[in-house]
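Student: Could we go through this structure together, asking at each step how a label is earned?
Tutor: Yes, let us set each value beside its cut-off and then conclude.

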Amino acid sequence: MRRPKLVHFSGIESDQYIHIRASMSYSSQARFHLLDEINQNLKEFVPTKPIESLGLLSSNEFRLKVIGLTSKDEESTIRNFDSDSFGNFNFKIPQPSDEKVAKLKLFETRSHPGLELLIGSFIPTKIRTPKKIIITDFDKTLVDTRYHTMKELYLSLRNPVSYFPPVPSSIELMKKFIQDEHQPFVVSASPHFYENAIRDWLYQHEIFTGNIFLKDYRNIFSFFEGDLSTKDLKTQGFYKLNTIVNILLMTGIPDELVLMGDGFESDTLIYLTLAAVLIGRYDPWTIWNQTKKEESFKLNTQQHVKFLSQFYLLKNMSDAHPRGKIKIYIRCKEHMLDNLNNRTFNLEYANKLKHLVEYYVG
């Protein structure tokens with residue numbers, strides 16, 4: 001029988017909730033690697049090619065039974081959740097008031113009626129105090145990828161991510177902050193079926209994180225589900241900003257936040273827009289009125305509502321938290337450095353906060 005498997009799983013324990021983001025599929029390429037196994041067999045490790053995960057373009061619905069266990073392996077909570085039509089889950093479980101959930105046991109109960117198929121047991125990621133988070137882009141930041149022509153796109157599908165040259169300065173910078181106990185998240189506009197390939201690349205470079213957020217292109221072509229539309233094939237502003245805001249709503253407002261991106265797209269503007277709420281204390285309505293005119297955002301009606309509601313949630317959390325520190329690092333080529341350092345934005349808040357940005361050559 002076809003057995004459902006997790007494509008990815010991310011469990012984040014905040015103060016009052018455990019936030020779960022997961023995806024399931026019948027794809028045979030849905031897999032996780034044990035870190036000890038990778039460390040022992042790194043030389044023989046065969047990284048995934050994105051084309052091997054194209055089966056993840058299919059749509060299936062699943063149901064998860066989630067059992068929360070205490071540190072003594074006693075059941076403290078049992079919940080059931082249905083996926084969307086693409087097999088994606090996004091939910092949160094309240095922490096019991098008496099004894100907190102220390103481990104989650106997952107069962108899939110929809111694909112084969114009458115059977116509860118054990119998917120696995122997971123320990124949620126605990127966001128340590130003080131909260132130190134690093135969020136980085138992937139393409140053009142950690143790896144010098146190229147997708148401009150059909151040939152380059154074909155080669156990217158047929159080869160592991162290591163086919164493209166790494167960016168050593170970015171890798172070293174990210175590792176430095178991880179060693180300083182910043183908890184890592186990767187946010188990229190790469191298609192969701194690149195996840196196994198990207199995770200393999202990260203593990204090969206000893207960057208261990210399961211918190212990888214990619215763009216699910218099935219949402220773009222769905223009439224009934226998802227926040228994205230066809231214009232988001234080229235514009236990344238709403239997708240990236242919305243994804244980062246969702247991460248911060250899960251983790252809570254960080255005491256130290258590091259954002260890494262590249263100077264080839266809209267990362268600088270996206271990060272400064274986020275900083276305007278977190279440390280600039282700008283009203284989301286003011287930001288919305290300015291950003292909606294920007295080419296890199298192009299918000300449609302549904303995204304206008306989403307943008308404002310998410311940003312007001314973030315602002316309310318931010319107002320109740322002491323103003324933290326934000327560092328923004330943008331990778332660029334040497335010939336771009338002077339122009340970027342002297343760059344003037346069309347947005348008033350971006351010009352006031354651009355001192356937060358440090359450009360580096362990579």
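**Reasoning from values to labels**

Tutor: In this predicted model, let us begin with helix H8, whose buried residues are Gln303, His304, Phe307, Leu308, Gln310, Phe311, Leu314, Lys315 and Ser318. These buried residues pack against helix H5 (237-251), helix H6 (267-278) and helix H7 (284-291).

Student: How do you know that the length of helix H8 agrees with what a helix of 19 residues should span?
Tutor: Helix H8 covers residues 301-319, and at 1.5 Å a residue the expected span is 27 Å; the C-alpha atoms at its ends are 27 Å apart, so the two values agree.

Student: What does Leu314 touch, leaving aside residues up to four places away in sequence?
Tutor: Leu314 is in contact with Val245, Leu248, Leu249, Ile253, Leu274, Val277 and Leu278. Leu314 also belongs to the largest nonpolar core, which has 51 residues, and there Ile135, Leu257, Leu274, Leu278, Leu314 and Ile328 touch the most other members. Helix H6 gives the most to this core, with nine residues. A second, separate core holds 25 residues, among them Val143, Met174, Tyr194 and Ile207. As a general tendency, nonpolar side chains in soluble globular proteins are buried together.

Student: Why is Met150 called exposed?
Tutor: The cut-off for exposed is over 50% relative accessible area, and Met150, at 66% relative accessibility, therefore counts as exposed. Met150 lies in helix H2 (residues 150-158), and together with Tyr147 and Leu153 it makes a nonpolar surface patch of about 300 Å².

Student: What makes Glu13 and Lys126 a salt bridge?
Tutor: The label requires a side-chain nitrogen of Lys or Arg within 4 Å of a carboxyl oxygen of Asp or Glu, and the closest N and O atoms of Glu13 and Lys126 are 3.8 Å apart. Glu13 lies in strand E1 (residues 5-13) and Lys126 in strand E8, so this pair ties together parts that are 113 residues apart in sequence.

Student: Are Glu13 and Lys126 buried, exposed or partly exposed?
Tutor: Buried means under 20%, and partly exposed is the range between that and the exposed cut-off of over 50%. Glu13 has a relative accessible area of 11%, so it is buried, whereas Lys126, with 41%, is partly exposed.

Student: How far apart are the closest N and O atoms of Asp144 and Arg331, which form a salt bridge?
Tutor: They are 3.7 Å apart, which meets the requirement of within 4 Å. Asp144 lies in the loop between E9 and H2 and Arg331 in strand E13 (residues 325-332), so the pair ties together parts that are 187 residues apart in sequence. Asp144 and Arg331 are both buried.

Student: Why do Glu195 and Arg199 count as buried?
Tutor: Glu195 has 2% relative accessibility and so counts as buried, and Arg199 is buried because its relative accessible area is 2%, where the label needs a value under 20%. Their side chains meet in a salt bridge of 2.6 Å, N to O, and both residues lie in helix H4, four residues apart, about one turn of the helix.

Student: Which residues are joined into one network by salt bridges that share partners?
Tutor: They are Lys140, Asp144, Arg331 and Lys333, and a search of the whole structure finds 15 salt bridges.

Technical notes. Residues numbered from 1 in each chain as written. Predicted model: local features only at pLDDT ≥ 70, side-chain atom pairs only at ≥ 80, totals over all residues. Heavy atoms only, no water. Helix = DSSP H or I, 4+ residues; strand = E, 2+ residues; numbered from the N terminus. Expected span 1.5 Å × (residues − 1). Buried < 20%, exposed > 50% of the residue type's maximum accessible area, 1.4 Å probe, protein only. Contact = heavy atoms within 4.5 Å. Patch = residues over 30% accessible without salt bridge, like charges linked within 9 Å, V, L, I, M, F, W, Y side chains within 5 Å. Areas by Shrake-Rupley, 256 points an atom, 1.4 Å probe, with all protein chains shown as cover. Core = buried A, V, L, I, M, F, W, Y, C linked by side-chain atoms within 4.5 Å.
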